[in-house]
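Trainee: Could we go through this model together? I would like to practise reading its fold.

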Amino acid sequence: YIYHNTDNILVSSRGFIDSIIQKGIDKNKIQFFPQWAENIYEIIPKNKEDVFSNIKKDSFKITFAGNIGESQDFPSILRAAKILKNENIDWIIIGNGRKKSWVKNKITAWGLEKCVHLLGSYPKEKMPSFFSASDCLLFSLKREDIFSITIPGKVQAYLASGKPILA
């Protein structure tokens, strides 16, 4: 209904265009409007604050920042952490979401308290410090068709930070 009764449709991924056309929408109404990262992610913090003060200094730090939800496939993330729990790797999760309690319970059930850290939510202005202190940044999506035609908006911020991305 909305697609048929609007003048323009902006999509953040070219993959969405065919999906919308298949619903009988005129291609001329659809415009690609890519996501971008705010300039704050391009600035490397001058004062390296110790944002991971309660985490081992010498570990390899994999940071996930964003929604802790169903779409992000946390079962896969936590299975990877479980497999690698005896390595010198810390998995840092920054954010909130409806699956946070489930993640917290799995961390306890699988004995991952020493390597998986739920830090909570922070304002976006703080994120460059977390990204800078990380060795790589993580995003994950469930293996479903809808996710095969897009990437999360956080990827642009990850790219702007200059850190490797684990996906």
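The questions below go from the overall fold to the sheet, its helices and one surface patch.

Mentor: Happy to, and keep in mind that this is a predicted model.

Trainee: What pattern does the protein follow along the sequence?

Mentor: Start with the inventory: the protein has five helices and seven strands. Read along the sequence, these elements follow the pattern β-α-β-β-α-β-α-β-α-β-α-β.

Trainee: Which strands are the edge strands of the open sheet?

Mentor: The open sheet has five strands with parallel pairing, in the order β5-β4-β3-β6-β7. An edge strand pairs on one side only, and that description fits β5 (116-120) and β7 (165-166).

Trainee: Which residue stands opposite Trp91 in β5?

Mentor: Strand β4 covers residues 89-96. Its pairing with β5 is parallel and runs over four bridges. Opposite Trp91, the residue in β5 is Val116.

Trainee: At about what angle does helix α3 run to β5?

Mentor: Two helices are worth viewing here. Helix α2 (residues 74-83) lies across β3 (60-67), β4, β5 and β6 (136-138), and runs at about 155 degrees to β4. Helix α3 (residues 100-109) lies across β4 and β5, and its angle to β5 is about 150 degrees.

Trainee: Does Ile2 count as buried or exposed?

Mentor: Ile2 is found in the segment before β1 (9-11). Together with Tyr1 and Tyr3, Ile2 makes a nonpolar surface patch of about 420 Å². Exposed means over 50% relative accessible area. Ile2 has 65% relative accessibility, so Ile2 counts as exposed.

Notes
Residues numbered from 1 in each chain as written. Predicted model: local features only at pLDDT ≥ 70, side-chain atom pairs only at ≥ 80, totals over all residues. Heavy atoms only, no water. Pairing = 2+ DSSP bridges. Contact = heavy atoms within 4.5 Å. Axes fitted to C-alpha atoms, helices over the stretch in contact; angles between N-to-C directions. Patch = residues over 30% accessible without salt bridge, like charges linked within 9 Å, V, L, I, M, F, W, Y side chains within 5 Å. Areas by Shrake-Rupley, 256 points an atom, 1.4 Å probe, with all protein chains shown as cover. Salt bridge = Lys/Arg side-chain N within 4 Å of Asp/Glu carboxyl O. Buried < 20%, exposed > 50% of the residue type's maximum accessible area, 1.4 Å probe, protein only.
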